[in-house]
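User: Can you walk me through the packing and the cysteines in this one?
Analyst: Yes, here it is.

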Amino acid sequence: MAEVVEDVIQQVQENLTEAANAAAINGTIPKTPSTPEGMALAYGTLVVMAMLPIFFGSIRSVKHHREQTTAFEKTGEKPDTMTSKDAMMFPIMASCALFGLYMFFKIFSKDNINFLLTGYFFFLGVMALAHLLSPVISSLIPASIPKIPYHLSFIQGPTEGSKDETESYLIDYKFTTHDIVCFIISLVIGVWYLLQKHWIANNLLGLAFAVNGVELLHLNNIVTGCILLGGLFFYDIFWVFGTNVMVTVARSFEAPIKLVFPQDIITNGLSASNFAVLGLGDIVIPGIFIALLLRFDNSLKRKSNFYFYATFTAYFFGLLATIFVMHVFKHAQPALLYLVPACLGTPLLLALLKGDIKKLFAYEDHPEDKTKDAKKSEKSSGDESSTSTAAASTKTKKETKKKDSKKTKKQKTA
């Protein structure tokens with residue numbers, strides 16, 4: 001009897017080994033099943049990681065907006081903001097880029113493409129993480145370490161024989177010893193991701209991309225935001241439900257453009273492999289609109305950031321709705337299908353109820369161009385009025401001269 005049991009156990013082990021080998025050959029190694037607790041932990045962590053970049057990126061965007069305004073007043077250099085035309089073209093350009101990546105993955109080796117993309121995003125990720133960590137690290141470095149400034153410049157001089165003698169800066173970068181420390185820390189994390197592709201390193205770089213995106217990408221007004229989110233609403237629905245392009249690229253693309261968290265971390269620890277995923281686009285796109293609302297709240301000069309917190313809360317519930325529907329239907333969901341109505345409908349409805357709808361649509365981050373145009377028109381109208389006044393006075397002088405000459409003729413005749 002014992003021999004029979006041993007034979008059965010050995011046969012089962014052989015069958016499992018064969019199945020595992022076949023799965024490895026076919027590339028379909030089954031994932032470790034996740035427990036309900038593991039799934040709740042994974043998606044809860046993803047929601048928190050999605051909220052943090054929007055919150056802190058929005059706060060940093062206010063500071064960046066002030067710096068842009070100050071620089072514009074000093075130098076007259078127009079700040080970079082997304083216009084309505086840019087917002088209209090964005091879904092089209094994103095579709096071309098997405099389909100181009102899809103064709104690349106179908107035609108060429110996935111490993112070679114990911115090798116190039118990994119190097120590109122490694123460089124960008126290190127710079128983004130250094131920019132994110134700079135104020136934090138600077139506050140932690142003791143005062144005994146001196147903060148020495150450096151200035152790296154690379155100037156292109158004028159061409160020989162040309163009349164134009166102006167010089168242009170190809171590189172004009174100022175940094176300190178604290179920035180060097182931040183860069184070294186960021187470089188270590190980048191190399192960690194480059195060598196091991198660990199999910200923690202991926203998330204650190206992804207969070208840096210998200211915070212920098214929300215901070216630096218500015219919508220100039222609400223209309224531009226509505227156009228952008230409305231266009232990407234249909235873009236996301238089409239590429240997720242209409243084709244398999246979005247899902248294929250997301251699974252093939254190995255770069256820190258998504259946040260991940262293992263659903264089997266409770267059973268497998270840090271070496272877990274069954275990941276829940278959230279793309280950075282579902283964070284940055286609504287995030288730059290929410291950041292615009294925070295700047296609008298600041299322009300109202302009220303005690304509370306009402307529209308920012310209301311839309312921030314709406315984004316949270318929209319993200320929960322995305323996760324809920326995904327698990328009910330067992331299918332990948334276009335997150336912007338739920339996030340766009342939440343992020344657009346909430347501020348518009350509240351502004352309508354509070355009577356701020358005109359102020360909301362009239363707000364612009366940088367309205368200086370209109371002010372300049374108004375000044376130019378006033379100046380031109382002033383020039384025209386002065387010209388007409390001068391012409392009228394000249395005409396009056398000529399008429400008086402004629403009258404005087406007639407009087408003198410009459411007097412001579414008499």
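**Cysteines and core**

Analyst: Cys343 has 0% relative accessibility, so Cys343 counts as buried (under 20% relative accessible area, 1.4 Å probe, protein chains only). This is a predicted model, where local features need pLDDT of at least 70 and side-chain atom pairs count only at pLDDT 80 or more, while totals for chains, interfaces and linings use all residues. Residues are numbered from 1 along each chain as its sequence is written, and side-chain values use heavy atoms, without hydrogens and water.

User: Cys226, buried or exposed or in between?
Analyst: Cys226 is partly exposed, because its relative accessibility is 22% and that class runs between buried and exposed, the latter being over 50%.

User: How many disulfides?
Analyst: The count is zero, taking a disulfide as a pair of cysteine sulfur atoms within 2.5 Å.

User: What does Leu229 touch?
Analyst: Beyond its neighbours within four places in sequence, Leu229 contacts Ile285, Phe289, Val340, Cys343 and Leu344; contact means heavy atoms within 4.5 Å.

User: Which residues touch the most other members of the largest nonpolar core?
Analyst: Leu46, Leu228, Leu229, Ile283 and Tyr315, out of 81 residues. Such a core joins buried Ala, Val, Leu, Ile, Met, Phe, Trp, Tyr and Cys residues through side-chain atoms within 4.5 Å. Helix α10 (residues 281-300) gives the largest share, 11 residues. Helices are DSSP runs (H or I, at least four residues), numbered from the N terminus.

User: Switching topic, which residues of α3 make the contact with α4?
Analyst: Leu101, Phe104 and Phe105 of α3, against Lys110, Ile113, Asn114 and Leu117 of α4.

Notes
Helix = DSSP H or I, 4+ residues; strand = E, 2+ residues; numbered from the N terminus.
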